[in-house]
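Please look over the sequence and the model shown here before reading the notes on its cores, its sheet and its surface.

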Amino acid sequence: MIFENSSVPVSSLPHAESVEFQRLAPAYRTVEMLGSTLLFGFLYFGWLLFYLLNGLNVEWPVWVILAVLTILFSFSLFFSWKRWTVAGYALREFDVIHKHGVLFHTVTTIPFNRMQHCEISRGPVESTFGLATLRVFTAGGSSSDLSIEGLPVEEAQRIKEFITRKISENKEQ
Amino acid sequence: MNETPNPFPQPVRQSSAAIIFILGNVFRLLIRQLWVLILVVLFNPKKQIFSGFTFMVLALALFGAVMSVINYFNYFFYIRDGELVMEKGVIRKIKVNVPLDRIQTVNFSQGILHQFFNVVAVDIDTAGSTGKEFSLQAISKEKADALRNYVENVRQLSVPAETDMEETDTSRQATAGNEDKLLFHLSMSDLLKIGVSQNHLRTAGIIMAFFFGFADDVEEALDLNLSKKVEEFIGTAQGGDVIYLLLLSIPFFLFISFLITLVRSSLQHFDLKFWRTDRGFKIVSGLFTRQELSANLQKIQFIRWSTSPLMRLFNMMAVRMPQAASVRVGRKLSVGLPGCYEPQLSAVRAAYFPEEKNLPEEEHGVDKRIIRRQFFLQGILPVLLLMPMTYSWMGNAIWVWLMWLPPALWLSIKYFQNWRWFVSEEGLRTHSGVVNQTSVLLQWYKVQAVTIRQSIFLRRVGLAHLILSTAAGSIRVPYIPMVKARAVQDFVLFKIETDHRAWM
């Protein structure tokens, strides 16, 4: 049906979707939920401040805001929870696959022979939980870059070394 | 190919004419930052021209002038160990090294002053790494040519022989000795057609933004309140007068925008010449500022051509050749033809993708659910937003917005019908759009990353967007069955991973 003219039948190609994906560190879930709790903690605090400063006699819109805030917070918590479930990565012989996203499920694949370099970055919260983010860069801006969040530090280090070796092998060829 | 000698083994300064351009830049910067203040000084109601404030501005200008001369004498560039090196700075020394094989493009531009001194400004772009760009204000044309030739020779040598395609080899022989082939020379009538078929609404938007910004600045500087005065005027005028005024000003405004785009694009594309060089393409154009842009065939990632209704009337199309480049330069110097005819497009396509004509293509469309999305985004959503927003001054007349819905529906259906994509063994061609129509031609091996994206809604109905990213931007095929998206993904990855040609 698709690509009948191809000298290589598509059915015989390796399928990117059928590989086994590696899960992210379970702590990633904690970090994400903590992050959204912190953010909404701030918003709730702001609301409380407003409520107290107005001497407790306020109109109904304030309660609407509180309700909206709570609905958003529960959504945010749900997505933070879900994010870990849908995310994953896989290293194959010739490429890296990364899937992520709850609302927009995204699967990105970058072959080693199109990568420029890769690096590890760690934010303060990530460090506390022993996590790291692996970034893979391709040429020409950010449209095709990859960043895998929520990896255990040692694992990120190992993958980085693996990818760096693959990149330099490809450059020598 | 024998090695050309290094044209700049020792540190050299730019042409002395560069002082003028550095000076010019400093003043431009000063004026841009301080123009409101300068305006105040000039139109000072109390006529205190020689206040301390004026002296401060003058002192700043003098300081700038001195600094630019010192900067000129401390700015050196040279080529050593396969790297282009630039040294500058007085207090803080800066040294920038750019490996020659990282250089993507070397572009020249020549303003009137440049032409007078017979010098060119050089802009050198490296892929990806921002902040490593390299530019020279003014060096003589011969030196600039020597620099470009040397850089391009090094790049040719650094590419392994096997990756050189046969096609470029033969074309190189055919155009041996740097004899560029003129493919297209824009005539005056073509220039006029291009000027007429530009997007005038965009100019209108820019003018509007400019005047509002301008009005704000002037108001602040002169402590006037223009908008209040306008309001007062409108307040005293009769309701009918306002509508009359509006109706009168819209065509006038559009006419002004039309004139400005016409003049601007005519100046920019005046006497445009499009050459096929032994390495790719070269475009020289402009009346006051002659700009020379070159596109290296290997660096061209994909080709995009588009038409507006007027252009289709003239049988013309605008062609872009996005090259691998850093984001900054990519925006500014994307090489392309603002308007050309079928033969030029064919030449570009044949050069970028020689096998295209001989390969059978398979045609695909997109899912018809895209009609719903288009109709919602272009029809229902704007109407829903405009109706409450305009209620205060249109009253019950807001129902006219509903008249937009039938044409929006027609456009959405047309959008679905027009979206076509063609797959061959080596590449992809897409065609889309209703009013403005765009086509893209891409070779698989230029792709850097393949992405499949699904919203929750798309996931439920088994559809996905396919995004193919290159070093010069992404190409997106929306609303296709997941099965097809996966098949293309697997196939493209296979093609990239088994292809050892240099893609940029």
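The points below deal with the nonpolar cores, one sheet and one surface patch.

This is a predicted model, in which local features need pLDDT of at least 70 and side-chain atom pairs count only at pLDDT 80 or more, while totals for chains, interfaces and linings use all residues. Residues are numbered from 1 along each chain as its sequence is written, chains are lettered from A in the order in which they are written, and side-chain values use heavy atoms, without hydrogens and water.

**Nonpolar cores**
- The largest nonpolar core (buried Ala, Val, Leu, Ile, Met, Phe, Trp, Tyr and Cys residues joined through side-chain atoms within 4.5 Å; buried means under 20% relative accessible area, with a 1.4 Å probe and protein chains only) has 70 residues, of which B:Phe274, B:Phe281, B:Val319, B:Trp421 and B:Leu428 touch the most other members.
- Helix α16 (residues 482–498) of chain B gives the largest share of this core, seven residues (helices are DSSP runs of H or I with at least four residues, strands runs of E with at least two, numbered from the N terminus).
- A second, separate core of 25 residues includes A:Ala25, A:Ala156, A:Ile159 and A:Ile167.

**Sheet in chain B**
- Three strands form an open sheet in the order β1-β2-β3, with antiparallel pairing (two strands pair if DSSP finds at least two bridges between them).
- Its edge strands, β1 (76–80) and β3 (94–99) of chain B, each pair on one side only.
- Strand β2 (residues 83–88) of chain B is joined to β3(B) by six bridges, and B:Glu87 stands opposite B:Lys95 in β3(B).

**Around A:Val64**
- A:Val64 lies in helix α2 (residues 61–86) of chain A and is partly exposed, with a relative accessible area of 40% (partly exposed lies between buried and exposed, the latter being over 50%).
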